[in-house]
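This report describes the ligand sites of one protein model. The sequence and the structure come first, and the description follows.

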Amino acid sequence: MTEPLWWQKGVIYQVYPRSYADSNGDGIGDLAGVAARLDYLVDLGVDAVWLSPIFPSPMADFGYDVADYRGIDPRFGTLADFDALRDAAHARGLKLLLDFVPNHSSSEHPWFLESRASRENPKRDWYIWRDAAPDGGPPNNWQSYFGGSAWEWDAATGQYYLHQFLKEQPELNWRNPDLRAAMLEAMRFWFDRGVDGFRIDVLWLAIKHPDFPDNPANPAWREGMQDIERLLPAHSADQPEMMEIIAAMRDVTDAYPERVLIGEIYLPIPRLVAYYGARGNGVHLPFNFHLLDATWDAAALARLIAEYEGALPAGGWPNWVLGNHDKPRVASRVGPEQAAVAMMLLLTLRGTPTLYQGDELGMPNVPIPPERVQDPQALREPDTAFNRDEVRTPMPWDASAHAGFSTVEPWLPLNPDWAERNVMAQRDDAGSMLAFTRALLQLRRAHSALSVGSWHAVSSDGAVLAYERRHGADRVLVALNLSDAPQALALPDWAVTLAPVLTTPHHDLRAEGATLLLAPNQGILLL
Ligand code: GLC
Ligand code: CA
């Protein structure tokens, strides 16, 4: 086996820059704030930082509406601040990943201003314009992920343009060679500036069926589900032409050493793994989001892991995600008692884990008073959409005013328990989620079985999920009690001589010969 690359053995940490650390007292996190917290990340033990978008943006969707692919929004700082952050990260051995948003730009991007200026404008075809249907309505039935039609009428030029998110996020036309070249140039711009890779936003949506047929109805749609789920995205997502575009992105990337592409792709496993590319020329890591909505029991998790492991193409490196800036916090989803078990799972499965900021503090969803809601999705679909603000609240650093995040009231409220749930309070508390996460990351770094070893099921009968990680002579057993009752696990012969070295917080470590006893909600690692 060739030496594993940094993104294979490493752990990625997602920073939502607006909410990480505010260096200049405007209530909004920024690049200098992130730079000042890098030592925390080194101490935690992660390897790479992915920053959600930091580019100039009207912030209709908090940066996922990019108005310039080659700049820094003044709220976050300057290009000089970016360079300083890059250097500070690299000096500490941390990789730095940016968020590339190829599916849509901001409606204030100069390209779109030109495109909408007239039908004859050379950039008209850089976006997706269509005539009205015969009745004057939208060209087809496609829905926006944020509610309503995906088409917006432009009276000045008498056509509709496509937006699968906000109307302030017009979709780029990847069938246009000039647009394609301009976007690939933007990737080169950041690679030349020393960026170690990209997380690519809504990658599976970036090209649509050339004829824009209606999407079929979703027979599973029920009252209370979001608009977008009324239809199956047969023609608006996951089109065959996607692979050729990704291959072009990959060519750009492979011209630089050891860069990584991570694709945001919400698809069932059989389709997800296609994004590794038929000849290994897809993205390096198609984000595996399947833990985000997995049924939280041993059998279901074991089935998921086995299905995913079995579906990976030769040479395809696995990865796992338990939280991000769009989805409910894992501590709320599985419950606070299971949060440490979930962390142990994430950091001991085979493949690259991505850890979302705040999950290392066991942060739950934070309730947002109605008058402070900012998430455009929640504002448009208040009854059916998850309010993403609940997982985007400021990082609580200490018990000083505004939790050390800012010197003023932050843009979103803090977690109500910030005076106790903060980095300072947990740092020196051996029983904290933070200390536990750090210990897991240390073990992962020290043991190749955990970072790059193979994965083997040991048990998923009843409430205990147990598995082996193995690399050469290095063997690890992980046993997770997914229930709130005590459990016993008969250890396989090879594991009887192992020593229990790490447990979830507030539990005892005891070896009982051939039987491992697990307290309610306990996870144990033996090696
Ligand atoms: C991705 C982002 C999400 C954003 C959407 C539109 O899903 O993670 O935050 O709203 O794309 O860019
Ligand atoms: Ca700031």
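Which residues are the closest to ligand 1? In this predicted model, 14 residues surround ligand 1, and the closest are D61, D201, E264, H325 and D326. By class, the shell around ligand 1 holds seven charged, four nonpolar and three polar residues.

Polar side-chain atoms of three arginines face oxygen atoms of ligand 1, as listed here.

| Side chain | Partner | Distance |
|---|---|---|
| R199, polar atom | ligand 1, oxygen atom | 2.9 Å |
| R388, N or O atom | ligand 1, oxygen atom | 2.9 Å |
| R392, polar atom | ligand 1, oxygen atom | 3.5 Å |

On its own, ligand 1 has 310 Å² of accessible area, and the protein covers 95% of this area. The place that ligand 1 occupies is the largest pocket.

The second site holds a calcium ion, ligand 2. Its coordination, at 2.3 Å, comes from D22 (OD), N24 (OD1), D26 (OD), I28 (O) and D30 (OD). Along the sequence, these donor residues follow the spacing D-x1-N-x1-D-x1-I-x1-D.

Is D22, one of the calcium donors, buried or exposed? D22 has a relative accessible area of 10%. Buried means under 20%, so D22 counts as buried.

How values were computed
Residues are numbered from 1 along each chain as its sequence is written. Chains are lettered from A and ligands numbered from 1 in the order in which they are written. This is a predicted model: local features need pLDDT of at least 70, side-chain atom pairs count only at pLDDT 80 or more; totals for chains, interfaces and linings use all residues. Side-chain values use heavy atoms; hydrogens and water are left out. A residue is near a molecule or strand if one of its heavy atoms lies within 4 Å of it. A polar contact is a pair of N or O atoms within 3.5 Å; within protein, one must be able to donate a hydrogen and the other to accept it, and residues adjacent in sequence count only if both atoms are side-chain atoms. Accessible areas come from the Shrake-Rupley method with a 1.4 Å probe; for residues, only the protein chains shown count as cover. On a 1 Å grid over the protein atoms alone, a cavity is a set of points where a 1.4 Å probe fits but cannot get out, and a pocket is an open set with protein on both sides within 12 Å along at least five of seven lines; lining residues have an atom within 4 Å of a point. A molecule sits in a cavity or pocket if more than half of its atoms lie within 2 Å of its grid points. Ala, Val, Leu, Ile, Met, Phe, Trp, Tyr, Cys and Pro count as nonpolar, Asp, Glu, Lys and Arg as charged, and the others, Gly among them, as polar. Donors are N, O and S atoms within 2.8 Å of the metal (3.2 Å for Na, K and Ca); water is not among the atoms, so sites may look incomplete. Buried means under 20% relative accessible area, exposed over 50%, partly exposed in between (1.4 Å probe, protein chains only).
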